[in-house]
Structures are given as C-alpha cells and as structure tokens.
Amino acid sequence: MADRRAFFRSFVKPLSQTKEEASPLLVRPPYGENASAFQSKCPACESKACVTSCDEKIILIADDGTPTLTFEKNGCTFCEACAEVCPEGVLSLDNTYNAQQLNAVFRIWLEACVAHHGVICNACKEPCIDDAILFNGLFNPVIDDEKCTGCGFCMARCPTQAISYLTYEVETKQEEVNDEPE
C-alpha cells in the first residue's frame, strides 16, 4: 500500500511546477484581431457578449478586462458564436488567420502523465477531434504540434492534470500575409 501512495504522490511536484511557470500571456478566443485590439477595445466593452455566447463556458473576463479562455471543464469548438456577437469587432469571422488555431501550444508533462508510467489511459486522446495526440502503443502519448489546434479538450479531460500550455502573441493579419509564399 505504501508503494501505491508513493506512486500517486509523485504527481504532486510536477503540478506545482506547472502552475508556477505559467506564462503571463492569456489564451484568447479564436477569431481575434490582434493583441493590441484586445487591450484597447475589450476593457471598454460593457456587454461582454463573447462570454455569454460561449456554449462551452470557457470564455472568462481577465483582471485586465479582456477575454481569456479556461480549459478546466471544456475546450473550444471553434463554433464562431463569440465572433458573431462581438460588438467591438475584436473577434470577427473576417479574421480567418486566427480562426482554426488558438494562441497556445499544449504539452504533456511526462512526470505527471499516468500513461508514461505504465497505466493504460487515453483520456486525453478521446476528445481530440483533430487526432493530434499520438501514442507509442498503449503508452507514451505525445501531442503533434502540426495537428493540434489548441482547443484544450485534452487538458480538461486529463485526470492527473498532466497537460499544460504555453501561450504566444495573437498573430496579426500583416504577419500572416508576410509569411505566405509568393
């Protein structure tokens, strides 16, 4: 019985490290214009319609008055509802360059993942509609960055909270155009 307790206690240290190393950037809803638009227009928005339009209930208003996503219970379905109701135009269906990818890169913490410790678990793979979580046999899941949209469903479903993310700035339309081949 002591060995079993030690096994589960081994997950505590990686979880506390994950929370301490959290990035100061926020995960933004899809269809976002750019980082400066979130900062300049969203705090003045009184309706906060993006929050109430989200069927998954993952859009929250951060301390700075801007929308951010939380993946505690669900993930983003890219349903377009938040973009359709945004009165400020920060979230817009015209922003196709941010329509299929959130500004987050997800990672599996090997120390906290039970599958990496020989336990058959595929809780993260089941909700991944993009098939971005790959397994080496029944064990050792990894996230394929090329397929992952950053929806967050895997994080919401992980029983040991072994999945975390790093954020990056929301891309702007000009950056997208400059990166396209001619």
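Student: Is Cys45 buried or exposed in this model?
Tutor: Keep in mind that this is a predicted model. The relative accessibility of Cys45 is 11%, and the cut-off for buried is under 20%. Cys45 therefore counts as buried.

Student: Why is Cys45 not bonded to the closest cysteine sulfur?
Tutor: The closest cysteine sulfur to that of Cys45 belongs to Cys86. A disulfide needs the two sulfur atoms within 2.5 Å. The pair is too far apart for a bond because the distance is 6.4 Å.

Student: How many disulfides does a search of the whole structure find?
Tutor: Let's take Cys113 as another case: the nearest cysteine sulfur is that of Cys124, 6.4 Å away, and Cys113 is in no disulfide. Cys113 is also buried, at 8% relative accessibility. For the whole structure, the number of disulfides found is zero.

Student: What is the order of the elements from the N terminus on?
Tutor: Happy to lay that out! The protein has seven helices and six strands. Read from the N terminus, their order is α-α-α-α-β-β-α-β-β-β-α-β-α.

Student: Which residue in the turn between S4 and S5 has a positive phi?
Tutor: Strand S4, residues 133–136, runs antiparallel to S5 and is joined to it by three bridges. Asn136 stands opposite Phe139 in S5. The two strands form a hairpin with two residues between them, and the one in the turn with a positive phi, about 70°, is Gly137.

Student: Which residues touch the most other members of the largest nonpolar core?
Tutor: That core has 39 residues. Helices H3 (35–41), H5 (81–85) and H6 and strand S3 (104–108) each supply at least two of them, and S3 gives the most, with three. The residues touching the most other members are Phe106 and Ile163.

Student: Which cysteines is Ile163 in contact with, leaving aside neighbours within four places in sequence?
Tutor: With those neighbours set aside, the contacts of Ile163 include Phe106, Arg107, Ile108 and Trp109. Ile143 and Met155 are also among them. The cysteines in contact with Ile163 are Cys124, Cys154 and Cys158.

Student: How many residues apart in sequence are the parts that the pair of Phe71 and Tyr165 ties together?
Tutor: The structure holds three aromatic pairs. One of them, Phe71 with Tyr165, is edge-to-face, with 5.8 Å centre to centre and 85° between the planes. Phe71 lies in the loop between strand S2 (67–69) and H5 and Tyr165 in strand S6 (residues 163–167), so the separation is 94 residues.

Student: Is Tyr165 buried or partly exposed?
Tutor: Its partner Phe71 is buried, at 4% relative accessibility. Tyr165 has 27% relative accessibility, while buried means under 20% and exposed over 50%. Tyr165 therefore counts as partly exposed.

Student: Which residues form one aromatic cluster?
Tutor: Phe106 and Tyr165 form a tilted pair, 5.4 Å centre to centre and 45° between the planes. This pair links strand S3 with strand S6, 59 residues apart. Phe106 is buried, with a relative accessible area of 1%. The cluster is made of Phe71, Phe106 and Tyr165.

Student: Where is Thr149?
Tutor: Thr149 counts as buried, at 12% relative accessibility. Beyond neighbours within four places in sequence, its contacts are Phe78, Gln100, Gln101, Leu102 and Asp130. Its place is in the loop between strand S5 (139–143) and helix H6 (153–157).

Conventions: Residues numbered from 1 in each chain as written. Predicted model: local features only at pLDDT ≥ 70, side-chain atom pairs only at ≥ 80, totals over all residues. Heavy atoms only, no water. Helix = DSSP H or I, 4+ residues; strand = E, 2+ residues; numbered from the N terminus. Buried < 20%, exposed > 50% of the residue type's maximum accessible area, 1.4 Å probe, protein only. Contact = heavy atoms within 4.5 Å. Pairing = 2+ DSSP bridges. Core = buried A, V, L, I, M, F, W, Y, C linked by side-chain atoms within 4.5 Å. Phe/Tyr/Trp six-rings, centres within 6.5 Å; stacked < 30°, edge-to-face > 60°.
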